[in-house]
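Biologist: Before we go through the labels attached to this model, I would like each of them set against its cut-off. Could we begin with the terms for burial and exposure?

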Amino acid sequence: MDGELLFVILSSVAQQEVENISTNVKKGLKMKMQRGELVGFQTLSENNAGKQLVKIEKDIRALEAKRAKLVDMRLEEVLDKETYESNYLDLTGQIEQLQAQRRDLQEAAESENAMKNTLRSLKRCWKNLTAIFLKA
């Protein structure tokens, strides 16, 4: 009887985790669609997330360097105020967009790692439960 109760509890935990994973995946796909990205053509993995994060970091640094150069050009009065403000706002917007993508990607990678760990734990529990039932 105790084994059956444990089995029911672990099954419930597994079902809840499946529902959580499904919700997280749907949320991630919705965010990708809102950003205008293609959905279903690329899966997120630690390797892929790492490569994307490196690229985003590089792009952010490049845009920040451009923005710093823009400030220098304005201070040296190479640029008029209107051109400076327009370009500064454009670069700042691009930086903020990349920073938002970086946050989303970091959250997705963390969520994926948590899901992988949970699934590993569930597999171990399942193997232990199976071993218990086979001995009985």
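Modeller: Buried means under 20% relative accessible area, exposed means over 50%, and partly exposed covers what lies in between. Please keep in mind throughout that this is a predicted model.

Biologist: What makes R102 buried?

Modeller: R102 has a relative accessible area of 19%, and because the term buried applies under 20%, R102 is called buried. R102 also takes part in a salt bridge, since its side chain meets that of E57 at 2.9 Å, N to O, and the limit for such a pair is 4 Å. The pair links distant parts of the chain, with R102 in helix 3 (residues 81–135) and E57 in helix 2, 45 residues apart.

Biologist: Why is E57 called partly exposed?

Modeller: The relative accessible area of E57 is 27%, and as partly exposed is the term between 20% and 50%, E57 receives that label.

Biologist: How many salt bridges does a search of the whole structure find, and what makes K55 and D59 one of them?

Modeller: The search finds three. The side chains of K55 and D59 meet at 2.9 Å, N to O, and because a Lys or Arg nitrogen within 4 Å of an Asp or Glu carboxyl oxygen is what the term requires, the pair is a salt bridge. K55 and D59 are separated by about one helical turn, because they stand four residues apart in helix 2 (residues 46–75). As for their accessibility, K55 at 52% counts as exposed, whereas D59 at 26% counts as partly exposed.

Biologist: Why is the pair of E85 and K81 called a salt bridge, with its 4.0 Å from N to O?

Modeller: The cut-off reads within 4 Å, and the pair, given as 4.0 Å, is listed as a salt bridge. E85 and K81 are four residues apart in helix 3, about one helical turn, and E85 is partly exposed, with a relative accessible area of 37%.

Biologist: R67 lies in helix 2; how do you know that R67 has no salt bridge?

Modeller: The nearest side chain of opposite charge, that of E64, is 4.6 Å away, and because a salt bridge must fall within 4 Å, R67 is left without one, although R67 is buried. Leaving aside neighbours within four places in sequence, R67 is in contact with Y88, L91, T92 and I95.

Biologist: What makes Y84 and Y88 an aromatic pair, and why is that pair called tilted?

Modeller: A search of the whole structure finds one aromatic pair. In it, Y84 and Y88 are 5.5 Å apart, centre to centre, with 35° between the planes. Because ring centres must lie within 6.5 Å, and planes that are neither under 30 degrees nor over 60 apart count as tilted, the pair of Y84 and Y88 is a tilted one. Y84 and Y88 both lie in helix 3, four residues apart, which is about one turn of the helix. Y84 is buried at 17% relative accessible area, while Y88, at 28%, counts as partly exposed.

Biologist: What makes V25 eligible for the nonpolar surface patch?

Modeller: V25 has a relative accessible area of 42%, which makes it partly exposed, and because patch residues need over 30%, V25 passes that limit. V25 lies in helix 1 (residues 2–34), and the patch, of about 260 Å², is made by V25, L29 and M33.

Biologist: What is notable about the phi of E77?

Modeller: The phi of E77 is near 60°, a positive value in a residue other than glycine. Most residues other than glycine have a negative phi. E77 is placed in the loop between helix 2 and helix 3 and, with a relative accessible area of 67%, is exposed.

Biologist: What pattern does the protein follow along the sequence, and how much of it counts as buried?

Modeller: The pattern is α-α-α, with three helices and zero strands. Of the 136 residues, 18% count as buried. The protein exposes about 10,400 Å², of which carbon and sulfur atoms supply 56%.

Conventions:
Residues are numbered from 1 along each chain as its sequence is written. This is a predicted model: local features need pLDDT of at least 70, side-chain atom pairs count only at pLDDT 80 or more; totals for chains, interfaces and linings use all residues. Side-chain values use heavy atoms; hydrogens and water are left out. Patches are made of residues with over 30% relative accessible area and no salt bridge: like charges are joined within 9 Å, nonpolar side chains (Val, Leu, Ile, Met, Phe, Trp, Tyr) within 5 Å. Accessible areas come from the Shrake-Rupley method with a 1.4 Å probe; for residues, only the protein chains shown count as cover. Helices (H or I, at least four residues) and strands (E, at least two) are DSSP runs, numbered from the N terminus. Buried means under 20% relative accessible area, exposed over 50%, partly exposed in between (1.4 Å probe, protein chains only). Rings of Phe, Tyr and Trp (its six-membered ring) pair if their centres lie within 6.5 Å; planes under 30 degrees apart count as stacked, over 60 as edge-to-face and the rest as tilted. Lys and Arg count as positive and Asp and Glu as negative; His and the chain ends are not counted. Contact means heavy atoms within 4.5 Å.
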